[in-house]
Amino acid sequence: MTSLSYPPKPSPGDRVAVLSPSSGLPGLFPLPYELGLERLREEYGLEPVEYPATRKMGSTPQERADDIHAAFADPDIKAVIASIGGDDQITVLPLLDRELIRASPKPFFGMSDNTNLLAYLHKSGIVAFHGARVMCELGRPGAMHPLTAESLRAALFTSGPYELRPAERWRDVDRDWADPATFDAEPETRPGTGWTWVNADRVVEGRSWGGCLEIISWLLMADREIAHDLSEYDGGVLLLETSEEMPSATEVFRTLRNMGERGLLQRFSALLMGRPKTWSFERPHSPEEAARHASDQREAVLNAMRAYAPDVTIVFDVDFGHTDPQLVIPYGGTVRVDGPARRITVTYSVPRGLRAPP
């Protein structure tokens with residue numbers, strides 16, 4: 001089993017890289033991007049450093065790989081944060097120098113298409129962090145959601161256990177980033193519904209792995225960054241969430257079914273399923289349509305798990321996906337799922353010199 005290490009953490013005043021390993025959307029939508037940079041400076045005391053492809057739409061995979069290499073190789077850079085996701089980061093993976101990155105491990109923060117890089121770092125033995133992109137979470141209109149801000153601060157600067165909490169209010173309806181009025185006030189939210197637990201009669205503690213379900217399916221198809229020895233994932237905590245493309249319940253079931261047929265799904269002891277995004281500019285669902293989409297997805301997940309991993313503990317609607325707020329979760333780090341107590345605890349770091357448990 002791969003031995004994973006938590007990389008050293010930054011401190012206030014440190015320089016952190018801001019990269020676009022997927023899409024150069026900061027160049028098209030500077031308002032949320034600049035707001036995110038400002039909050040990195042003012043609220044977290046970190047100095048963001050941009051790289052050549054960060055604002056460049058249409059950058060080549062090699063240009064993005066060069067930025068990743070430069071950020072990890074620079075001893076003055078203490079963490080790496082993705083600006084946003086995209087849809088072609090998988091083309092960057094073959095260009096990366098694994099030994100260069102292993103020689104200078106740093107905390108990496110990202111999600112969505114950045115599942116590619118999270119899985120790459122996991123296979124390289126480096127614990128990373130699922131969540132907290134510059135444009136979406138740091139650049140949220142009005143203010144960062146308190147749960148996002150708190151978990152990001154803990155992930156950046158602290159060690160030891162951190163308990164995740166269900167959101168009292170959340171949202172998945174977006175506003176136009178090109179309109180300055182979007183940033184005049186906080187977005188509308190709706191009451192939270194808490195988490196839903198299945199097979200919650202046990203305590204599970206293990207290393208996390210997973211990410212955006214669509215990206216996991218692409219990695220499986222391309223046979224990249226998935227361990228060939230599936231015992232690598234034994235007893236772990238699977239993280240899955242779906243993107244703003246809102247895959248149908250049928251697509252979700254088929255992806256999970258294929259994971260089960262591969263023998264992967266049943267390796268895990270717990271599944272944390274992110275709250276699904278149910279609205280997009282292309283598909284602006286009514287509240288009734290949104291509720292149906294979420295319900296259909298939950299049933300698809302349950303059907304697949306009943307078929308391949310019926311005893312796995314499942315927690316639905318955990319806030320770590322494409323909805324707001326977004327809890328930061330260590331990727332490859334320790335996650336404890338306590339069913340009887342209905343608690344989820346993560347470990348953002350361990351004392352220097354220790355490693356993530358096998």
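In this predicted model, the lining of the largest pocket draws at least two residues from each of two helices, H5 (134-138) and H7 (213-222). The pocket has a volume of about 940 Å³, and 41 residues line the space, with Ile84, Cys136, Asp174, Trp177 and Glu244 lying nearest its centre. By residue class, the lining of the largest pocket comprises 16 charged, 14 nonpolar and 11 polar residues.

Cys136, one of the residues nearest the centre of the largest pocket, was also considered as a possible disulfide partner. The closest cysteine sulfur to that of Cys136 belongs to Cys212 and lies 12 Å away, which is too far for a bond. The converse also holds, because the cysteine sulfur closest to that of Cys212 is the one in Cys136, at 12 Å, again too far for a bond. With a cut-off of 2.5 Å between cysteine sulfur atoms, the count of disulfides in the model comes to 0. Cys212 itself counts as buried, because its relative accessibility is 2% and the limit for a buried residue is under 20%.

Enclosed space was examined separately from the open pocket. Rolling a probe the size of a water molecule over the atoms shows where empty space is left. The count of cavities of 30 Å³ or more comes to 1, and the largest cavity has a volume of about 60 Å³. The residues that line the largest cavity are Met273, Gly274, Pro276, Ala294, Gln297, Arg298, Val301, Phe316 and Asp317, and they divide into 5 nonpolar, 2 polar and 2 charged. Strand S12 (270-274), helix H9 and strand S13 each supply at least two residues of this lining, and the largest share, 4 residues, comes from H9.

Gln297 is among the residues that line the largest cavity, and its place is in helix H9, which covers residues 287-308. The relative accessibility of Gln297 is 3%, so this residue counts as buried. When neighbours within four places in sequence are left aside, Gln297 is in contact with Thr242, Ala249, Val252, Met273 and Pro276. Met273 and Pro276 appear in the lining of the largest cavity as well.

A second buried site was found at Leu164, which is placed in strand S6 (residues 161-164) and counts as buried because its relative accessibility is 2%. Leu164 touches Trp195, Leu327, Val328, Ile329, Ile344, Val346 and Tyr348, residues up to four places away in sequence not being counted. For Val346, the C-alpha atom is separated by 7.3 Å from that of Leu164, although the two residues are 182 residues apart along the chain.

Strand S6 is also one of the elements against which the buried residues of helix H6 pack, together with strand S4 (108-110), strand S5 (128-130) and helix H5. The buried residues of H6 are Leu147, Thr148, Ala149, Ser151, Leu152, Ala154, Ala155 and Leu156. Helix H6 contains 12 residues (146-157) and, at 1.5 Å a residue, should span 16 Å; its end C-alpha atoms are 16 Å apart, and the two values therefore agree. The expected span is taken as 1.5 Å times one less than the number of residues.

The backbone was further examined for uncommon conformations. Most residues other than glycine have a negative phi, and most peptide bonds are trans. The peptide bond from Asp324 to Pro325 is cis, with omega near 15 degrees, and Pro325 is placed in the loop between strand S13 (313-318) and strand S14 (329-331). Ser112, which is not a glycine, has a positive phi of about 60 degrees and lies in the loop between strand S4 and helix H4 (115-123). At 7% relative accessibility, Ser112 counts as buried. Asn199, likewise not a glycine, has a positive phi of about 55 degrees and is placed in the loop between strand S9 (196-198) and strand S10 (203-212). Asn199 counts as partly exposed, because its relative accessibility is 26%.

Methods:
Residues are numbered from 1 along each chain as its sequence is written. This is a predicted model: local features need pLDDT of at least 70, side-chain atom pairs count only at pLDDT 80 or more; totals for chains, interfaces and linings use all residues. Side-chain values use heavy atoms; hydrogens and water are left out. On a 1 Å grid over the protein atoms alone, a cavity is a set of points where a 1.4 Å probe fits but cannot get out, and a pocket is an open set with protein on both sides within 12 Å along at least five of seven lines; lining residues have an atom within 4 Å of a point. Grid points are joined across faces, edges and corners, and a volume is the space filled by probe spheres set on the points. Ala, Val, Leu, Ile, Met, Phe, Trp, Tyr, Cys and Pro count as nonpolar, Asp, Glu, Lys and Arg as charged, and the others, Gly among them, as polar. Buried means under 20% relative accessible area, exposed over 50%, partly exposed in between (1.4 Å probe, protein chains only). Contact means heavy atoms within 4.5 Å.
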